[in-house]
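Here is a quick tour of a predicted model, written for someone who likes to know the cut-offs. Have the viewer open as you read.

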Amino acid sequence: MDLAIFDQTTAGVAEEHIQLVHDILNYAGEYMQLADNTEMSVTFMNNDAIQSFNRDYRGIDKPTDVISFAIEEGDDLPILPDEAMAEDIAPNIGDILVSIDKVGEQAKYLEHSWERELGFLVVHGFLHLNGFDHMRGDEAEKEMFDLQREILDSYGLTK
């Protein structure tokens, strides 16, 4: 996976946590059999910054843990002259924003490791980028959370 990771936090994210995100998202991409050249990004931020995005894009004026911005197929894509050219273009599934403050708060509240919470949130956002949405009813919620648990458990980030 072609993964861009940006750190906009004030204190900075530890290199081992950036590596964890890189590794678990590559694992999730392989688990879901995405193309090796699939592109996406993850941006770490603090509560104030993610609150601004939550307010501006979701109409909810409070910080949240993770926001996913999926790139919808067909949005402003040029018409390609042939299939050979299309094969050379990497699919970009979108961007994930993660509040590092919320990672710590929720890990403490849920009484599991900081790494488990970070992994949970990035895999959660990743699944949203791939069309899963737990807000579409009980069946969709079960499908998404079961897959999320499968990926995290098989990767080794168990509760």
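The protein has 6 helices and 4 strands, where helices (H or I, at least four residues) and strands (E, at least two) are DSSP runs, numbered from the N terminus. Along the sequence they follow the pattern β-α-β-α-β-α-β-α-α-α. This is a predicted model, so to speak with its own filters: local features need pLDDT of at least 70, side-chain atom pairs count only at pLDDT 80 or more, and totals for chains, interfaces and linings use all residues. Residues are numbered from 1 along each chain as its sequence is written, and side-chain values use heavy atoms, with hydrogens and water left out.

Of the 159 residues, 37% count as buried (under 20% relative accessible area, with exposed over 50% and partly exposed in between; 1.4 Å probe, protein chains only). Taking contact as heavy atoms within 4.5 Å, residues 24 or more positions apart make up 71% of the contacts with a separation of 6 or more.

Now the core. The largest nonpolar core (buried Ala, Val, Leu, Ile, Met, Phe, Trp, Tyr and Cys residues joined through side-chain atoms within 4.5 Å) has 30 residues, and Leu25, Met40, Val42, Phe44 and Val98 have the most contacts inside it. The elements below each supply at least two of its residues.

| Element | Residues |
|---|---|
| Helix 1 | 15-31 |
| Strand 2 | 39-45 |
| Strand 4 | 92-99 |
| Helix 4 | 100-110 |
| Helix 5 | 114-129 |
| Helix 6 | 138-155 |

Helix 5 gives the most to this core, with 7 residues. Leaving aside neighbours within four places in sequence, Met40 touches residues including Met1, Leu25, Ile96 and Phe126.

Helix 2 (residues 47-58) has Asn47, Ile50 and Asn54 buried. They sit on the same side of the helix because they cover an arc of only 70° around the axis, taken from the directions from the helix axis to the C-beta atoms. These buried residues pack against strand 2, strand 3 (66-70), strand 4 and helix 4. The face turned away carries the exposed Asp48 and Asp56. Just after helix 2, Gly59 takes a positive phi of about 70°.

Finally, the axes of helix 4 and helix 5 come within 8 Å and cross at roughly 120°; axes are lines fitted to C-alpha atoms, for helices over the stretch in contact, with angles from 0 to 180 degrees between N-to-C directions. The contact involves, among others, Val103 and Ala107 of helix 4 and Trp114 and Leu118 of helix 5.
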